[in-house]
Amino acid sequence: MNLMSWNVNGLRAAIKKGFVDFINTEKPDILCLQETKLQEPQIPQEIKDLEGYHAYWSHAEKKGYSGTCILTKEEPLSVSHTIGEERFDREGRVVRCDFERFSLFNVYFPNGKMNDDRLKYKLDFYDRFLEVMDEVVASGRNIVVCGDYNTAHKAIDLARPKANEEVSGFLPIEREWIDRLVAQGYVDTFRAFNENPDEYSWWSYIGNARSRNTGWRIDYFFVNESFMKHVKDGFIRQDVFGSDHCPVGIVVET
């Protein structure tokens with residue numbers, strides 16, 4: 001089973017850049033999207049016309065902002081869009097699909113760069129979401145959490161760590177939360193298979209960052225430790241364009 005995650009930075013814009021061709025070529029079993037930036041009446045016909053996929057959306061109250069979607073060939077047992085706090089849920093950041101073998105969360109974690117209030121919001125979201133993760137695992141279910149985490153974990157995960165030590169996305173307090181994930185038994189699937197530098201998933205549109213590979217790895221798949229034995233690969237698709245992010249993914253044994 002091939003699971004992929006992609007921050008498309010506007011689904012309608014991505015469609016104009018070959019998004020549908022990407023799906024038809026890659027045929028992922030599950031594709032999780034972040035930053036769809038649309039409301040329900042604006043769901044593109046191209047997505048409605050996709051054959052073989054069920055689509056589950058979370059839309060932000062604010063138009064043209066945030067938004068997540070899970071496209072899946074297998075129909076889930078249940079779907080939800082909440083992590084239990086309205087101030088987070090109103091931004092359309094989470095879609096959860098429960099399958100027989102695992103619970104999948106597609107999450108667009110907040111960006112803290114705007115101001116101190118948004119940084120606090122991001123950290124509060126992190127704390128609340130970790131509670132949700134622990135609750136799911138404590139219930140006896142396996143968990144897969146993918147999406148744009150908006151934080152590079154270690155120096156290897158961005159091209160210029162020294163220059164960004166005081167920038168949201170690489171602040172110690174943000175990175176410490178990912179340390180907590182790992183300490184509590186969650187596995188960064190990509191790093192389980194690949195310890196190479198220069199493996200990034202996001203590049204600024206400024207300064208030809210992508211052509212120079214001056215990027216950040218901020219898109220992840222984390223799973224609980226006991227589920228990791230079923231994960232057979234973790235990958236980043238830097239060859240795929242259409243957004244300032246590229247897709248990331250895992251292969252799970254069927």
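**Exercise 1. The enclosed space**

How many nonpolar, polar and charged residues does the lining of the largest cavity have? Describe this cavity in the predicted model.

*Solution.*
Step 1. A search of the whole structure returns one cavity of 30 Å³ or more.
Step 2. The space in the largest cavity amounts to about 50 Å³.
Step 3. Its lining consists of T189, F190, R217, D219, Y220, F221, G234, F235, I236, V248 and G249.
Step 4. At least two lining residues come from each of α7, β12 (219–224), β13 (231–236) and β14 (248–252).
Step 5. Sorted by class, the lining has six nonpolar, three polar and two charged residues.

**Exercise 2. The open pockets**

State the volume of the largest pocket and of the second largest pocket, and characterise the lining of each.

*Solution.*
Step 1. The volume of the largest pocket is about 590 Å³. Its lining comprises 28 residues, among which E35, Y65, Y108, N111 and N150 are the closest to the centre.
Step 2. Twelve charged, ten polar and six nonpolar residues make up the lining of the largest pocket.
Step 3. For the second largest pocket, the volume is about 200 Å³. Of the 14 residues lining it, R160, N164, S204, T214 and W216 lie nearest the centre.
Step 4. The lining of the second largest pocket divides into six nonpolar, five polar and three charged residues.

**Exercise 3. Helix α5 and its ends**

Compare the span of α5 with the expected value, and identify the residue that caps its N-terminal end.

*Solution.*
Step 1. Helix α5 covers residues 116–138, 23 residues in number.
Step 2. From first C-alpha to last, α5 reaches 33 Å, close to the 33 Å expected at 1.5 Å a residue.
Step 3. The N-terminal cap is N115, with a side-chain oxygen 3.1 Å from the backbone nitrogen of D117.
Step 4. Just after α5, G140 adopts a positive phi of about 100 degrees.

**Exercise 4. Positive phi outside glycine**

Locate N150 and D198, give the phi of each, and decide whether each is buried, partly exposed or exposed.

*Solution.*
Step 1. N150 belongs to the loop between β8 (143–148) and α6 (172–183); its phi is near 60 degrees, a positive value in a residue other than glycine.
Step 2. The relative accessible area of N150 is 9%. Buried means under 20%, so N150 is buried.
Step 3. D198 sits in the loop between α7 (189–193) and β10 (202–203), and its phi, also positive, is near 65 degrees.
Step 4. With a relative accessible area of 44%, D198 is partly exposed.
Step 5. N150, one of the residues closest to the centre of the largest pocket, is thus the buried residue of this exercise.

Note on methods: Residues numbered from 1 in each chain as written. Predicted model: local features only at pLDDT ≥ 70, side-chain atom pairs only at ≥ 80, totals over all residues. Heavy atoms only, no water. 1 Å grid on protein atoms, 1.4 Å probe; cavity = no way out; pocket = protein on both sides within 12 Å on 5 of 7 lines; lining within 4 Å. Points joined across faces, edges and corners; volume = space filled by probe spheres on them. Nonpolar A, V, L, I, M, F, W, Y, C, P; charged D, E, K, R; others polar. Helix = DSSP H or I, 4+ residues; strand = E, 2+ residues; numbered from the N terminus. Expected span 1.5 Å × (residues − 1). Polar contact = N/O pair within 3.5 Å; in protein donor to acceptor, adjacent residues only side chain to side chain. Buried < 20%, exposed > 50% of the residue type's maximum accessible area, 1.4 Å probe, protein only.
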